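User: I have a chain open here and would like to go through how its inside is packed and where its open spaces are. Could you take me through it?

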Amino acid sequence: MGNCLFKQTADAPATSPTGGQGGVATADGQADHKQSSAPEETIVKMDAVKLEETGGGGGLDLGLLFPALTEVTPRPRVEEPFDFQKDGRPVVRIGSWNVLSCCLNKIANPGVREVICMTVLENGFGILALQEIADREVLDKICDELNNPIIPNVKSWKGQRGHWKAVISDTPAGRMYQAPEYNGFIYDTSQGIEVVSSSLIERHRRGAPKQFARRPFMVVFKAKELDFVAVSVHLKATGLQMEDLDRLQEEIGRCPLVLEAIQEQLPGERDIMILGDFNLGPEQEDFDAFRDAGYKNTVDEHTNTNINLRNLKGSRTYDNIWMSKQAQDVFTGQSGVIREGLTHQWIPHDDWFWGGIVADHCPVWAEYFTDHDMDADGDLTAGVKGIKVEE
């Protein structure tokens with residue numbers, strides 16, 4: 001089991017933890033009418049409570065300490081659950097979320113599980129890429145809660161619950177802080193979604209410098225009639241003083257080579273999406289190679305994707321979904337960044353307060369029609385295993 005750094009960022013003093021304003025932003029910048037602000041939650045200061053580690057998985061059994069965990073906590077109001085259709089056609093919502101050093105101890109916190117699971121259900125996701133996973137079993141814990149819920153809000157969800165499975169890299173994609181980092185997806189099979197193949201990008205030749213601090217994870221999905229390749233990335237951070245900006249720029253420059261290698265191994269497959277934490281805004285010229293190859297980003301440079309309790313509106317556009325020209329043909333035009341409902345009264349943060357936030361990144365998503373495949377002649381038989389970047 002990897003080391004767990006379950007804490008909030010240092011710049012997060014106690015302020016309102018409502019999770020942001022404006023509901024779910026859509027492609028045209030308008031708030032989704034199905035979402036509205038939740039009642040403000042209360043931060044509870046820990047003056048006289050000492051948390052003791054329990055046995056079993058090594059996490060904190062907060063349910064034994066706080067009977068209030070059996071109560072339903074405030075969530076963003078959903079007037080009508082998403083019906084997985086647009087204009088009478090079936091769609092899939094694909095999301096990405098860097099969940100900040102998510103280890104078994106962190107996912108054992110019922111507040112963390114509730115925020116992740118309710119975000120999935122309230123926003124109608126069918127596929128969700130997750131970065132910064134410290135233990136391979138974390139995604140199974142999320143799927144278990146979605147499929148067989150014990151948390152009151154998840155259990156009482158009135159919409160379609162689905163049947164969730166996980167696909168995760170066999171080995172770490174790289175390292176984060178002092179722990180290994182895995183990359184993976186959860187997906188809802190009840191929406192007609194299945195995994196065809198999956199793999200990390202192959203390592204470069206032995207002894208050569210690393211091409212990526214954390215290798216991209218590729219998955220071939222089939223969602224009803226649509227098959228496509230989703231590439232989840234967590235690129236190198238720039239560092240506090242921008243000391244690693246050059247390394248990040250090199251990694252961004254290699255991403256189009258990954259996309260070319262996928263097309264070489266899967267002849268005719270042109271529905272490709274690369275999504276995740278890019279650690280740089282899409283307006284930067286470093287992404288010109290993406291644009292030159294016909295790729296388009298779903299989150300613009302004016303929409304922030306980071307969040308903390310000091311600045312709930314965010315200040316940077318780190319996360320995105322870039323889609324190939326062919327994938328744009330099945331894009332419904334709906335996409336967004338989720339800022340509401342990301343805090344919980346049982347998530348700790350600095351200064352021994354409760355009411356923390358799951359991660360310093362917001363989920364991003366985009367929606368695609370699944371009743372038509374633009375490259376029906378694509379050959380997926382080779383799978384994605386063995387793909388590597390040649391420079």
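Analyst: What follows goes through the nonpolar cores, one helix, the salt bridges, the empty spaces and two backbone angles, and the model is a predicted one.

User: Start with the core, then. Which residues of the largest nonpolar core touch the most other members?

Analyst: The largest nonpolar core has 70 residues, and those that touch the most other members are Trp97, Ile142, Phe185, Ile186 and Tyr368. Helix H3, which spans residues 110-122, gives the most to this core, with seven residues.

User: And what does the second, separate core include?

Analyst: That separate core has 28 residues, including Phe278, Leu280, Phe287 and Phe290. As a general background, nonpolar side chains in soluble globular proteins tend to be buried together.

User: Ile142 caught my eye. Which residues of helix H4 are buried?

Analyst: In helix H4, residues 138-147, the buried residues are Val138, Leu139, Ile142, Cys143, Glu145 and Leu146. Viewed along the axis of H4, these buried residues fall within an arc of 160°, so they line one face of the helix.

User: Switching to charges: how many salt bridges does the count come to?

Analyst: The count comes to eight salt bridges. One of them joins the side chains of glutamate 122 and arginine 75, with an N to O distance of 2.9 Å. Because glutamate 122 lies in helix H3 and arginine 75 in the loop between helix H1 (62-65) and strand S2 (77-78), this pair ties together parts that are 47 residues apart in sequence.

User: Is that pair buried or exposed, going by glutamate 122 and then arginine 75?

Analyst: Glutamate 122 has a relative accessibility of 7%, so this residue counts as buried, and arginine 75 is buried as well, with a relative accessible area of 11%.

User: What about aspartate 371, what does that one form a salt bridge with?

Analyst: Its partner is arginine 89, and the closest N and O atoms of the two are 2.9 Å apart. Aspartate 371 sits in the segment after strand S18 (364-369) and arginine 89 in strand S4 (residues 89-102), so the pair links distant parts of the chain, 282 residues apart. Aspartate 371, at 32% relative accessibility, counts as partly exposed, and arginine 89 is partly exposed with a relative accessible area of 32%.

User: And arginine 214, how far apart are the closest N and O atoms in its salt bridge?

Analyst: They are 3.5 Å apart, the partner of arginine 214 being glutamate 181. This pair also links distant parts of the chain, with arginine 214 in the loop between strand S9 (193-200) and strand S10 (217-223) and glutamate 181 in strand S8 (residues 179-188), 33 residues apart. Both arginine 214 and glutamate 181 are buried.

User: On to the empty space. How many cavities of 30 Å³ or more does the structure hold?

Analyst: The structure holds five cavities of 30 Å³ or more, and the largest cavity has a volume of about 70 Å³. Its lining has 14 residues, of which Phe84, Val120, Leu121, Gly124 and Gln160 lie nearest the centre of the cavity. By type, the lining of the largest cavity divides into eight nonpolar, four polar and two charged residues.

User: How much space lies in the largest pocket, and which residues are closest to its centre?

Analyst: About 1300 Å³ of space lies in the largest pocket. The pocket is lined by 41 residues, and the closest to its centre are Ala237, Thr238, Gly239, Asn279 and Tyr318. Strands S4 and S7 (174-176) each supply at least two residues of this lining, and the largest share, three residues, comes from S7.

User: How does the lining of the largest pocket divide into nonpolar, polar and charged?

Analyst: The lining of the largest pocket divides into 10 nonpolar, 17 polar and 14 charged residues.

User: Last topic, backbone angles. Which residue has a positive phi of about 55° although it is not a glycine?

Analyst: That is aspartate 87, which is placed in the loop between strand S3 (85-86) and S4 and is exposed, with a relative accessible area of 68%. Lysine 224 is another residue other than glycine with a positive phi, near 55°; lysine 224 lies in the loop between S10 and strand S11 (226-234) and counts as partly exposed at 39% relative accessibility. For context, most residues other than glycine have a negative phi.

Notes:
Residues are numbered from 1 along each chain as its sequence is written. This is a predicted model: local features need pLDDT of at least 70, side-chain atom pairs count only at pLDDT 80 or more; totals for chains, interfaces and linings use all residues. Side-chain values use heavy atoms; hydrogens and water are left out. Buried means under 20% relative accessible area, exposed over 50%, partly exposed in between (1.4 Å probe, protein chains only). Helices (H or I, at least four residues) and strands (E, at least two) are DSSP runs, numbered from the N terminus. The arc is that of the directions from the helix axis to the C-beta atoms. On a 1 Å grid over the protein atoms alone, a cavity is a set of points where a 1.4 Å probe fits but cannot get out, and a pocket is an open set with protein on both sides within 12 Å along at least five of seven lines; lining residues have an atom within 4 Å of a point. Grid points are joined across faces, edges and corners, and a volume is the space filled by probe spheres set on the points. Ala, Val, Leu, Ile, Met, Phe, Trp, Tyr, Cys and Pro count as nonpolar, Asp, Glu, Lys and Arg as charged, and the others, Gly among them, as polar. A nonpolar core is a set of buried Ala, Val, Leu, Ile, Met, Phe, Trp, Tyr and Cys residues joined through side-chain atoms within 4.5 Å. A salt bridge is a side-chain nitrogen of Lys or Arg within 4 Å of a carboxyl oxygen of Asp or Glu.
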